[in-house]
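The following note comments on one structure. Its points are numbered and may be read against the sequence and the coordinates.

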Amino acid sequence: MLACWQTCGYFNVFSNNVNKKTKKKHFFWQPFFLLKSELLSAMGRPAFHILVVDDESIIRQSLDAWLGDEEGYRVTMAASGAEALEKIAAAPFHLMLLDIKMPGMDGVTVLEKAKVIQPDLQVLMMTAYATVETAVEAMKIGAMDYLIKPFEPDALIPKVTAVYEAFREAGYRKETVGAIVLATGTTCFDPSVGKNPMGYGVVPNVVTSLAFERMLSGTGPDGGRLLRPSDKQPVKKAAWIQCVGSRDLQSGADFCSTVCCMFALKEAAVAKTVAGDDFQATIIYMDMRTFGKSFERYGQHTESTQGVRLERGRVHSIAPTPGSDDVAIRWTSASGEIHEERFDLVVLSVGQRPNARTASMAERLEVACDGFGFLKTAPFSDTRTGRAGIFAGGTLSGPSDIAESVIRASSAAVNASRTIHRAGGGLADKTAAPKTARDVSWEPPRILAVLCRCDTGTEMDLDLEAWSARLKQDPAVARVVNLDRICTADGWNALTQTDTTDVNRVLVGACRTFAYGKKAHGLTTAFGLDPALIETVAMDHHQGLGGPATVATIMAGISRLKNVSMEKNQGIAIVNRALVVGGGIAGMHAALAIADHGVDITLVEASEGLGGNLSWLHQTIDGTPIAPFLENTISQIEKHPKIEVMTDSRVVGAFGQAGHFFSTIETAGAPTMTVEHGAVILATGGVEAPTDAYGYGTSQAVVTQRELEIRIHENQLNTDGMTSVAMIQCVGSREEPRNYCSRVCCPTALKQALWMKSHSPDLQVYILYRDMMTCGLNEAWYTEARKQGVLFFQYEPNRKPEVSIDANEDMPVTVRLQDPILDAPVKITADLLVLATGIVLHLPETLTLAYGVERDRDGFFQEADSKWRPVEALKAGVFGCGITLSPRSIPEAVATAEAAAGRALAILMGERLPSARVTASVRHSLCTLCLRCIDTCPYGARFLDEAGQRVEVNPAMCQGCGDCATVCPNSASIVEGFSHRSLFGAIDGAMAM
């Protein structure tokens, strides 16, 4: 990963001048970075750490002499399995030489536990002839190879050298690159550090949220059963404590980790499913920050339907219960009432923290960190650092959840790509063209069956002979080859060197084929065959080669190979143009990101000018003016030769598919035109939600946040003549029909409150809120607002504030609410009332129908997957960004725009859109045009060609699910590779015991 690289200089193709004062090279265009590993300081074999584990001292001494004294490696000894695990837990190792048979703890057990501590540790087993079978089993769970005792240095040294060479290649690799993407992530807060008020590691049955996640796993310590660690009794009552290591000034974490609230809600709901209906879950929190898309409804559902109890308060202490393994929690509720309750288990929702090595990495790369240790990014960006060509992805620039991390990563990637593109291309080595597979489509099936021999002995040999005779009865099977232990290095080499010149299909039968991982892809090159012609099946050696499972898999595999289809769809010719609908900040940045790669853009905006919501926004919460940023963006759009801007225009219709769309655009005062393009990005944005609550519309003293922003921007707000201002959050939001958080309202309230306090320090500002949604680094501004004297009053949704307006009074607005802390009514008089009404989307139905986009229940763009494909529609070639996805800040909107551009470029940069290996097709001679397949296809991959009167399939959009084949009454719809002949043959083969 680039995380471990440091910069030792930067170059550029136009300039190599040296500043005589600073002694540094400078550049006139884009820098190219020459990288080297941090490990160069420990150069050579002493950097390679080997652990020798053997109970015989003579073995340890011999290996120390061979590997340490003679070969120069760093060698550490352990005389037992327990000692080895202690050393592995204390320091990293690159290779472990491990004896199979040792007293107390055998080598296989040590291997399993060592792989948990250091998953990347390479392990070479040492065994006697009598335990070879055990060594083979060890290889199945992660050992790289084995040696049979006694062995000579000539047998050992080459295996160690191979591991060392791989280590050196990875550790000392030098690269000259055009951009760097940093994605080293964050770590979780350790509650045991410092004062440890939560008793983690001291009080039994207090665990972190990550440990609890492991407890719920089916591969966890108790097989997915919810048992508390101390006595393995079922957990029936658990509590989650929020903000452990977050929102904590004492531990230097004046930020919100953003993920903890949803993490706790999810864990509580899953725990109730696992433990049963009598399970009681309690979450003790300060603010329930359900600020993401669909999060608010999930939180309400978890509380109302799942029965999770939410308690607003602060934990005072955690202590063990005398005479019991229960945990006692003492906390203070929002009203100041003291509560004490016992729980079977307490889960600490630990927050995200910067990685310990982030600061040193940032120093070497000459980029800045903020006060918390996260990478500091440029204004209006979540990914651009202060140094050109270096970008931050994921959580490196601040806490975020999975979806936002994916968006930031995609944004960083596309920015790195455009950086290299602007410099005229990268310096990456050109790789040789992949070897073309032999064309065997005209040949009858000739199958080579390769069977793995894991064990030795007469019984195994007889089984293999029986299989060889059985397979040769099939005319399609040309040869049967038995190889020893394919999972070993020697066995794999023998497999790849097997002669396949006389065959055109290969079946490989071995145990645990999934363990081969990426190595299996190399078989296509070794055999010179298309991947569809190579089948790997799992053989169950524990039940014997004649067992039902092995018979079924091998015979089914043979049948599939005999009937495999070699017909390939040629894909779709791509129109190298993109259409961006929406000229706000997200749409403009999406257009720029694509155009900077040399792709033509048509940018359609419904209004008369570009800018969207940024045209009325004044400044960010940290005081950065927005107007220069907007003006610079518009200037780039207008000057870019690849961007065609169409204002006062609308898309009124479209048809087509990924790679080739036709969109009809109407422009005021101009003829309607049709644009052909390969992808479309929807960035239609949103507007402030309308309201008639709290007397809005009846008095100039009641305004929305947008109206206040405009007054500030146009110098129409005279704070000197005002005494107090009241703000009410969540007006019409987080309740039906707009049951979602608009994300920007709370930071906007803080921004406006701090602006007013900076201009009139004596002005009293009141903010009435349900939950302050100052997620991520915005939490620090919440703290700053309290320091500046802004007063915050929390209210419950069932006891909302009441407002009365009297225009004849000096202070015309009166707000009454029940304060939960005082448990008493509060009356506030104010000169001005500001309502945070949230955001509603502007996504016309004509667009969703034209491009086949689905909307969620709140009208926002429905992504293909909320976490892993957050900017893509289910229909290929259609993307969304900005507020079209969900309410977002400016940097977040820009990040989604760049992420959407990156996904669109994956289509637009090619000449043809390749199809997947498994796609559907149509036998037109059998098709009656009933169109059931079109209605059934969940991906919109099938359509009726009106001109040809035939059903066509977009192979790029088809996911090979087979729904069309199930509903077709004539068998006209088929899935390539899964013909009736192939499937029935596989079934017949599997049943032929």
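1. E86 is exposed, because its relative accessibility is 58% (buried means under 20% relative accessible area, exposed over 50%, and partly exposed in between, with a 1.4 Å probe and protein chains only). The residue belongs to helix α2, residues 81-90 (helices, H or I with at least four residues, and strands, E with at least two, are DSSP runs numbered from the N terminus). From E86 to A114 the C-alpha distance is 9.7 Å, with the two positions 28 residues apart in sequence.

2. The model is predicted, so local features need pLDDT of at least 70 and side-chain atom pairs count only at pLDDT 80 or more, while totals for chains, interfaces and linings use all residues. Residues are numbered from 1 along each chain as its sequence is written, and side-chain values use heavy atoms, with hydrogens and water left out.

3. An open sheet of mixed pairing is built from 7 strands in the order β11-β17-β12-β13-β14-β15-β16 (two strands pair if DSSP finds at least two bridges between them). β11 (206-208) and β16 (338-343) are the edge strands; each has a single partner strand, and therefore one side of each lacks a neighbour in the sheet. From one strand to the next, the twist averages 40° (axes are lines fitted to C-alpha atoms, for helices over the stretch in contact, and angles run from 0 to 180 degrees between N-to-C directions).

4. At the β11 edge, the partner is β17 (residues 345-350); the two strands run parallel and are joined by 3 bridges. Within this pairing, T208 is placed opposite L348 of β17.

5. Helix α7 (residues 260-275) lies across four strands of the model, namely β12 (237-244), β13 (280-285), β14 (309-320) and β17. Relative to β12, helix α7 runs at about 170°. The same helix is included in what covers the buried residues of α8 (contact means heavy atoms within 4.5 Å). Those buried residues are F295, E296, R297, G299 and T302.

6. A second group of strands merits its own point. Here 5 strands in the order β33-β40-β34-β35-β36 make an open sheet with parallel pairing. Its edges are β33 (702-704) and β36 (791-794), each of which pairs on one side only. Neighbouring strands of this sheet are turned by 20° against each other on average, direction ignored. β33 pairs in the parallel sense with β40 (residues 832-835) over 3 bridges, and V703 has V834 as its bridge partner in β40.

7. Side chains of opposite charge can pair when their charged atoms come close. The count of salt bridges comes to 46 (a salt bridge is a side-chain nitrogen of Lys or Arg within 4 Å of a carboxyl oxygen of Asp or Glu). One of them joins D287 and R312, with the closest N and O atoms 3.6 Å apart. D287 lies in the loop between β13 and α8 (295-304) and R312 in strand β14, so that distant parts of the chain, 25 residues apart, are linked. Both residues are buried.

8. Where do R734 and E296 lie in the chain? R734 is in the loop between β34 (724-728) and α18 (745-759), whereas E296 is in helix α8, so their pair ties together parts that are 438 residues apart in sequence. The closest N and O atoms of this salt bridge are 3.0 Å apart. R734 counts as buried because its relative accessibility is 4%, and E296 is buried at 5%.

9. E736 and R297 also meet through their side chains, in a salt bridge of 3.2 Å, N to O. This pair links the loop between β34 and α18, which holds E736, to helix α8, which holds R297, across 439 residues. E736 is partly exposed at 48% relative accessibility, whereas R297 is buried at 13%. In addition, salt bridges that share partners join R247, D287, R289, E296, R312, R734, R770, D771 and E779 into one network.

10. Finally, the surface carries a nonpolar patch formed by F984, I987 and M991, with about 350 Å² of accessible area together. Patches are made of residues with over 30% relative accessible area and no salt bridge, like charges being joined within 9 Å and nonpolar side chains (Val, Leu, Ile, Met, Phe, Trp, Tyr) within 5 Å; accessible areas come from the Shrake-Rupley method with a 1.4 Å probe, and for residues only the protein chains shown count as cover. F984 is located in helix α24, residues 980-991, and is exposed because its relative accessible area is 51%.
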